[in-house]
Each structure stands twice: as structure tokens, then as C-alpha cells.
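Trainee: I am new to this one, and I would like to learn why each label is used. Could we go through them together?

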Amino acid sequence: MTQDNSSQDKAAGQNGGGDLFNTAAGWVLFAAGLGLGLSILSGKYFHGTKPERPEKLGYVIEGVVEEGGGGAEEMSMAEALNMKPAAELIAAGEKAFAKCQSCHTVTAGGPNGIGPNLHGVMGKPHGAHPGFAYSAELKAKPGNWDWDSMNEWLKNPKAYVPGTKMSFAGLPKIEDRAAIAMYLNSQGSNLPVPTFVADAAAGAEEPAAGETPAAAETPAE
């Protein structure tokens with residue numbers, strides 16, 4: 001009798017352990033299914049798999065140009081040449097020319113170096129200094145060294161004369177280019193400096209729609 005009760009208790013213990021395991025496994029599967037379901041729902045609600053660009057960005061940083069937008073338009077060479085009195089611009093050009101002295105001299109009768117002597121270069125044809133071995137591309141370049149051509153050359157020599165032997169990368173600021181050109185002009189050249197007059201019409205009021213501008217008076221003869 002005692003042996004039978006013992007066997008029954010042992011069987012009951014085994015069944016209870018199995019039920020506990022099944023219950024725990026069921027809760028684990030339930031929790032996993034619930035987590036998966038919530039993940040799918042949140043992804044659909046918040047578009048987690050397909051992020052979208054907000055209609056309005058959070059902050060605008062002053063001074064940063066938006067992608068695709070153009071920067072400020074560069075002033076003309078004439079305007080840059082008239083920003084300072086001539087003497088101040090020549091002094092600034094002499095200072096800026098220091099970075100050119102490793103290749104060029106500018107004194108009258110100075111020797112050629114890696115680059116040609118630049119005394120009196122303004123107003124002369126391209127590749128005209130005697131005794132210097134210019135590239136064929138520069139010698140074939142038509143025109144003279146005027147204000148605009150010198151501006152383009154100092155900005156990017158290889159863009160102005162593709163194939164040139166000039167290795168200088170160029171000056172990004174037009175103020176520096178204008179200063180050096182003015183300095184070179186003072187060294188054996190005398191090109192007239194172009195005048196610059198601000199466009200007065202830019203600030204003038206336009207006539208209202210349907211309104212005819214007043215005719216200018218004819219001066220008496």
C-alpha cells in the first residue's frame with residue numbers, strides 16, 4: 001500500500017513539473033509574439049523603415065548657403081580696382097606680390113627665373129618677354145595683358161590658358177588679384193584704370209503698372 005502511494009506521488013510530481021515548464025514556455029512565446037506585434041505596429045505608425053524628410057528643418061544656420069543655391073556674386077575687376085585709393089592698392093599689391101617672387105622678378109632689366117620678368121607686362125601681348133621659354137599655348141593666346149585678362153590669369157592660370165606650364169593655383173579673392181594687377185601696372189606700365197560707377201538704376205523706383213514714365217525734357221538749344 002505504501003509502495004503504491006509513493007509511485008503515485010512521484011508521477012504527480014513529474015506531471016506538475018511538466019505543467020510548470022509548459023506554462024513558462026507559453027509565457028515566453030506570448031511575450032515574444034507581443035513584442036513582435038508591437039514592433040510591426042510602431043514601424044507602420046512611425047514609418048521607421050521609410051524615413052521621410054521633414055517639411056521644415058529644425059534650425060537655419062546663418063551664413064550657410066543652401067544646397068543648389070548660388071553664393072554672393074563676385075564684384076567686377078573695375079569695382080575692385082576702385083575700392084581703395086591707387087597708392088593704397090599698389091602698396092597692398094606689392095605685399096601680395098611677395099608670394100610671386102620665388103618665380104618672378106619685376107624690376108627693370110631683372111632676370112627671368114622659373115617665370116619671366118614682369119616689368120612692364122601690363123599692356124603687352126601674352127608671352128612677349130624676350131628670352132623666356134613660354135608654353136606654346138600661352139604664346140598662341142591672342143590679346144594683351146589688360147585688367148580683365150590679368151584678373152582671369154591670377155584667378156586660375158590653367159583655366160585661362162589650358163596647357164600652361166604655370167603651376168600656381170591662383171588667388172581666390174578678387175581684391176588680391178586687383179591689388180597685384182595695380183602693382184604690376186605701376187612697374188613699367190601705365191594702363192588707364194577703368195572707372196566704376198554703381199548702377200544707379202538698381203535703386204530707382206519702377207513706374208507702377210499701367211503708368212507711363214515721364215519723358216525727359218529736351219534741353220533748349
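Mentor: Gladly! One definition to start: a helix here is a DSSP run of H or I with at least four residues, and helices are numbered from the N terminus. Keep in mind too that this is a predicted model.

Trainee: In which helix is Phe-30 found?

Mentor: Phe-30 sits in helix α1, which covers residues 2-46. The chain has seven helices and zero strands, and from the N terminus on its elements read α-α-α-α-α-α-α.

Trainee: Why is Phe-30 called exposed?

Mentor: Exposed means over 50% relative accessible area. Phe-30 has 52%, so the label applies.

Trainee: Which residues make the nonpolar surface patch?

Mentor: Trp-27, Phe-30 and Leu-34 make it, and the patch comes to about 380 Å². Patch members need over 30% relative accessible area, and Phe-30 passes that mark with its 52%.

Trainee: How do you know that Glu-74 and Lys-155 meet in a salt bridge?

Mentor: The cut-off is a side-chain nitrogen of Lys or Arg within 4 Å of a carboxyl oxygen of Asp or Glu. The N to O distance for Glu-74 and Lys-155 is 3.9 Å, so the pair qualifies. Glu-74 lies in the loop between α1 and α2 (77-81) and Lys-155 in helix α5, so the bridge ties together parts 81 residues apart in sequence.

Trainee: What makes Glu-74 and Arg-177 a salt bridge?

Mentor: The limit of 4 Å applies again. The closest N and O atoms of Glu-74 and Arg-177 are 3.0 Å apart, so this pair counts as well. The pair links the loop between α1 and α2 with helix α7 (residues 174-186), 103 residues apart. Salt bridges with shared partners join Glu-74, Lys-155 and Arg-177 into one network. Across the whole structure, the search finds two salt bridges.

Trainee: Are these partners buried or exposed, starting with Arg-177?

Mentor: Buried means under 20% relative accessible area, and partly exposed runs from there up to the 50% mark. Arg-177 has 0%, so Arg-177 is buried. Glu-74 has 37%, so Glu-74 counts as partly exposed. Lys-155 has 38%, so Lys-155 is partly exposed too.

Trainee: Why is His-126 called buried?

Mentor: The value for His-126 is 5%, under the 20% cut-off, so the word fits. His-126 lies in the loop between α3 (86-96) and α4 (136-139). Its C-alpha atom is 8.0 Å from that of Ala-140, 14 residues apart along the chain.

Trainee: And what makes Met-150 buried?

Mentor: Met-150 has a relative accessible area of 4%, again under 20%, so Met-150 is buried. Met-150 is found in helix α5. From Met-150 to Leu-184, C-alpha to C-alpha, is 9.9 Å, with their positions 34 residues apart in sequence. Of the chain's 221 residues, 22% count as buried.

Trainee: Which residues lie nearest the centre of the largest pocket?

Mentor: They are His-104, Gly-115, Pro-116, Trp-153 and Met-166, out of 34 lining residues. The pocket holds about 600 Å³ of space. Helix α5 (residues 147-155) gives the most to the lining, with three residues.

Trainee: How does that lining divide by class?

Mentor: By class there are 20 nonpolar, 11 polar and three charged residues. Gly counts as polar here, so Gly-115 belongs to the polar class.

Key:
Residues numbered from 1 in each chain as written. Predicted model: local features only at pLDDT ≥ 70, side-chain atom pairs only at ≥ 80, totals over all residues. Heavy atoms only, no water. 1 Å grid on protein atoms, 1.4 Å probe; cavity = no way out; pocket = protein on both sides within 12 Å on 5 of 7 lines; lining within 4 Å. Points joined across faces, edges and corners; volume = space filled by probe spheres on them. Helix = DSSP H or I, 4+ residues; strand = E, 2+ residues; numbered from the N terminus. Patch = residues over 30% accessible without salt bridge, like charges linked within 9 Å, V, L, I, M, F, W, Y side chains within 5 Å. Areas by Shrake-Rupley, 256 points an atom, 1.4 Å probe, with all protein chains shown as cover. Buried < 20%, exposed > 50% of the residue type's maximum accessible area, 1.4 Å probe, protein only.
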